[in-house]
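I opened the model and kept notes as I went. The entries below are in the order I looked things up.

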Amino acid sequence: MKYSQQLNVKVKDIWEKIHQHPFVVGLGSGELPVESFIRYMKQDYVFLIDYSKLFALGVVKARDLDTMTFFAKLLHDTLNGEMELHRTYAAKLGITHQELEETKPSPINLAYTRYMLNVAQNGSLEELISSLLPCMWSYWEISKMLADYYPNSSKHPLYGEWVKMYSSNEFGSLAMWLIDLLDRLVEGKSERELAILTDHFLTTSRFEYMFWDMVYEGGDWPV
Ligand SMILES: Cc1ncc(C[n+]2csc(CCO)c2C)c(N)n1
């Protein structure tokens, strides 16, 4: 079994919980309260500012031009594609660019991005990929689940654009490229080395769940 398939088996329960989370279900059914969506947009925008830097570190750690080019494309697409979706939503929801950029990350948001940035700065290229992959792969799985269970979700007047963006083939192929790269990079690695990568993958999958929960419930600093 490929390493990525082993990861997929190990993470099943966590991702299943994400698919059942009321925020994700609400995006599909269209019944998500708009206050939760506004909180998500703001928190996710500052999340993406830090997440983009992981791609920049991917360029630094890459060992060949193809991988460098791929990470550079991801960096460009996130800053100009995915974050543009957030800027467009912000305009629709009456949030200024300044308010969006100056959002204070919640404790979960900060813990999640700091975990990945620490791995990216101090670990290997394989560690960087295994820690950032759940973010991309889990969104792709969510979009497939929404297409299956909520076929009208892409037509919703507010949440439809979100569903359309993440279910695009472009996003799917970016996730697949990374999965494939990780499978190539782990060839010949020892069980001990693989266990470290698996641990990063499971940790950031848990952070993905906690991020959904935080934007649904609030999850701000207690004091
Ligand atoms: C908390 C959180 N997790 C995952 C994503 C999704 N995502 C982030 S970067 C990227 C790929 C290239 O832009 C994708 C699919 C998000 N937006 N916010």
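How many nonpolar, polar and charged residues does the shell around the ligand have? I counted by class and got 10 nonpolar, 1 polar and 4 charged residues.

**Entry 1: what I am looking at.** This is a predicted model, so I checked the scores before going further. The protein chain averages a pLDDT of 97, and 100% of the residues score at least 70. For the complex, the predictor gives an ipTM of 0.97 and a pTM of 0.97.

**Entry 2: the annotation.** I looked up the UniProt record, an unreviewed entry, and found the annotation "domain: Thiaminase-2/PQQC" over residues 10-217. Over that range I read 82% helix and 0% strand. The C-alpha atoms at its two ends are 27 Å apart.

**Entry 3: around the ligand.** I listed 15 residues around the ligand. Those that come nearest are Thr-78, Glu-82, Cys-135, Tyr-139 and Phe-211. I then asked which elements give two or more residues to this shell, and noted helix 4, helix 5 (65-93), helix 8 (125-149), helix 10 (169-185) and helix 11 (191-217).

**Entry 4: Tyr-51.** I found Tyr-51 in helix 4. Is Tyr-51 buried or exposed? I put Tyr-51 down as buried because it has 22 C-beta neighbours inside 10 Å, and the cut-off for buried is 20 or more. Not counting residues up to four places away in sequence, Tyr-51 touches Thr-78, Thr-113 and Cys-135. Of these contacts, Thr-78 and Cys-135 are also among the residues that come nearest to the ligand. I also took the distance from Tyr-51 to Asn-122, which is 71 residues away in sequence, and got 16 Å, C-alpha to C-alpha.

**Entry 5: the core.** The largest nonpolar core has 51 residues, and Leu-54 and Leu-133 touch the most other members. Helix 4 (residues 34-61) gives the most to this core, with 10 residues. In soluble globular proteins, nonpolar side chains tend to be buried together. I followed Leu-133 further and, leaving aside neighbours within four places in sequence, found contacts with Leu-178, Leu-182 and Phe-201.

**Entry 6: Ser-36.** I went back to helix 4 for Ser-36. Ser-36 is partly exposed, because 18 other C-beta atoms lie within 10 Å. Leaving aside neighbours within four places in sequence, I found Ser-36 in contact with Phe-23, Val-215 and Tyr-216. Val-223 is 187 residues from Ser-36 along the chain, and I got 21 Å between their C-alpha atoms.

**Entry 7: Leu-185.** I placed Leu-185 in helix 10. Why does Leu-185 count as partly exposed? Leu-185 has 18 C-beta neighbours inside 10 Å, so I entered it as partly exposed. With neighbours within four places in sequence left aside, Leu-185 is in contact with Leu-125 and Glu-126. Glu-126 and Leu-185 are 59 residues apart along the chain, and their C-alpha atoms are separated by 6.7 Å.

**Entry 8: Asp-220.** My last stop was Asp-220, in the segment after helix 11. I recorded Asp-220 as exposed because it has 12 other C-beta atoms within 10 Å, and the cut-off for exposed is 12 or fewer. Lys-104 lies 116 residues from Asp-220 along the chain, and I got 9.2 Å between the two C-alpha atoms.

Definitions and conventions
Residues are numbered from 1 along each chain as its sequence is written. This is a predicted model: local features need pLDDT of at least 70, side-chain atom pairs count only at pLDDT 80 or more; totals for chains, interfaces and linings use all residues. A nonpolar core is a set of buried Ala, Val, Leu, Ile, Met, Phe, Trp, Tyr and Cys residues joined through C-beta atoms within 7 Å. Helices (H or I, at least four residues) and strands (E, at least two) are DSSP runs, numbered from the N terminus. Two residues are in contact if their C-beta atoms, placed from the backbone, lie within 7 Å. A residue is near a molecule or strand if its C-beta atom, placed from the backbone, lies within 6 Å of it. Ala, Val, Leu, Ile, Met, Phe, Trp, Tyr, Cys and Pro count as nonpolar, Asp, Glu, Lys and Arg as charged, and the others, Gly among them, as polar. UniProt positions are given in the numbering used here, feature names are shortened, and annotations may be inferred rather than shown by experiment. pLDDT is the predictor's confidence in each residue, from 0 to 100.
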